[in-house]
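Colleague: Before I plan anything at the bench, I would like to go through the terms used for this model and hear what stands behind each of them.

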Amino acid sequence: MRLEPNPFSGKKRAPYPQHRRSPAPPTLAPEVRSDPSFPHFIHPHTDVITSDPHNNVTDHIFEKIGYNLHKRPDHPLGIIKSVIESYFDEKYGQDTFTSYDSLYPVVSTYANFDSVLVPPDHVSRSQNDTYYVDEDTVLRCHTSAHQLEMLKDGARKFLVTGDVYRRDSIDATHFPVFHQMEGFRVFEQAEWEEAGKESVDLAAEELKDCLEGLAKHLFGDVEMRWVDAYFPFTEPSFELEIFFKGEWLEVLGCGVTEMKILEEAGLQDKRAWAFGLGLERLAMVLFDIPDIRLFWSDDKRFSKQFKEGMFKAGGVDMQKFKPYSKFPPCLKDVSFWLPKEGDSFTENNLCEVVRDVAGSLVEEVKLIDEFENKKKGLTSNCYRIVYRSMERSLTDDEINSLQEQVRSDMVSKLGVELR
Ligand code: DAH
């Protein structure tokens, strides 16, 4: 299984003329603060699809805002979220960690990148990787976007769960919207003095102890290992891997928070740790869910299999997901010459074009052939698009018209020449 990408280890889309106002409440939750002293963070009621030249949010993505799958108690994502929250209650005492799950997903580039020290030239800032509303506003690509905001707001031990958005390739484990949980804990000077330790050592040790306990809570008695990692917001940084069903699986990223972030929040005399994890990834592994699109399915055959409170550590004696018969896939290949100049063609841009036409009917987009014609000075690609519905059989006519639309959008939006 491909890992959830660590974004820390393109040409712009044609602007969309429409305006789409993202849903106000319930997306806009009580904990979205309106204190004017944090102007960087507040974007309630923002138009998400606009004619701004930086805007690359499609209808398909826009429609996902406000779904809040992680807030549904009987949904696998809601189940995993509450299992993790109860671990924190059990370990540290009820409500020691405050949980936030309604923070608004439209954030400033300052919050998403600068506030967590993502370098100015980092790839994750490109329009190829991130959904921009305008030059200064994005759909958050990680829940880390809220760290500084929460600290400034006075939170010291907290969990933030939310939907995050990334332009990405398409396959069974990648969907442009998924859900993350962020954890954050601030330590006081008295705590490391009492322990007789350097602050950074206390934070790192407590972090590892906390997350090893979490992994046991989720996976049962498993083998685990720590791997050194890099994130701009932590030093040292680690990833936790567990040995599950015969393979090492990355479950989360974490580390000791960079002092610069604490200083920015006026907490220069403190220390902190942070972690971030992807809920889909955990739920797919723990419940045996084979395709990430199923999380978005309305099909009763899916939803009826999950109930609040059903989770048992490691999946022992727990009912796993029972796959129901899949509808047949339909494969369509498209061959084309890449534009000679410019960066209008990237795999992410192609995926976005396909998603915009076919929505969740597209299962996979993969490169199956590539060659260079030296004489012409051109490169040819052939991509295979796999269409499949989770809910019904698709007709030939329906697929053909989707594919025709994809082909014509590839020419007009990506500047390719069909072969
Ligand atoms: N934001 C990271 C990501 O999206 C995950 C993460 C890693 C969050 C380390 C953290 C952290 O708070 O300390 O991949």
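Modeller: The model is a predicted one, in which local features need pLDDT of at least 70, side-chain atom pairs count only at pLDDT 80 or more, and totals for chains, interfaces and linings use all residues. Residues are numbered from 1 along each chain as its sequence is written, and side-chain values use heavy atoms, with hydrogens and water left out.

Colleague: What makes E14-E15-E13-E16 an open sheet of 4 strands?

Modeller: Strands are DSSP runs of at least two residues (E), numbered from the N terminus, and two of them pair if DSSP finds at least two bridges between them. Strand E13 (residues 330-337) and E16 pair in the antiparallel sense over 2 bridges, so that pair meets the requirement of at least two. The edge strands, E14 (362-373) and E16 (417-418), each pair on one side only.

Colleague: Which residue stands opposite Glu417 in E16?

Modeller: Trp337 stands opposite Glu417.

Colleague: How do you know that Ser144 makes a polar contact with the ligand?

Modeller: A polar contact is a pair of N or O atoms within 3.5 Å; within protein, one must be able to donate a hydrogen and the other to accept it, and residues adjacent in sequence count only if both atoms are side-chain atoms. A side-chain N or O atom of Ser144 is 2.9 Å from a nitrogen atom of the ligand, and therefore the pair qualifies. For Gln147, a polar side-chain atom lies 3.2 Å from a ligand oxygen atom, while a backbone N or O atom of Ala274 lies 3.0 Å from an oxygen atom of the ligand.
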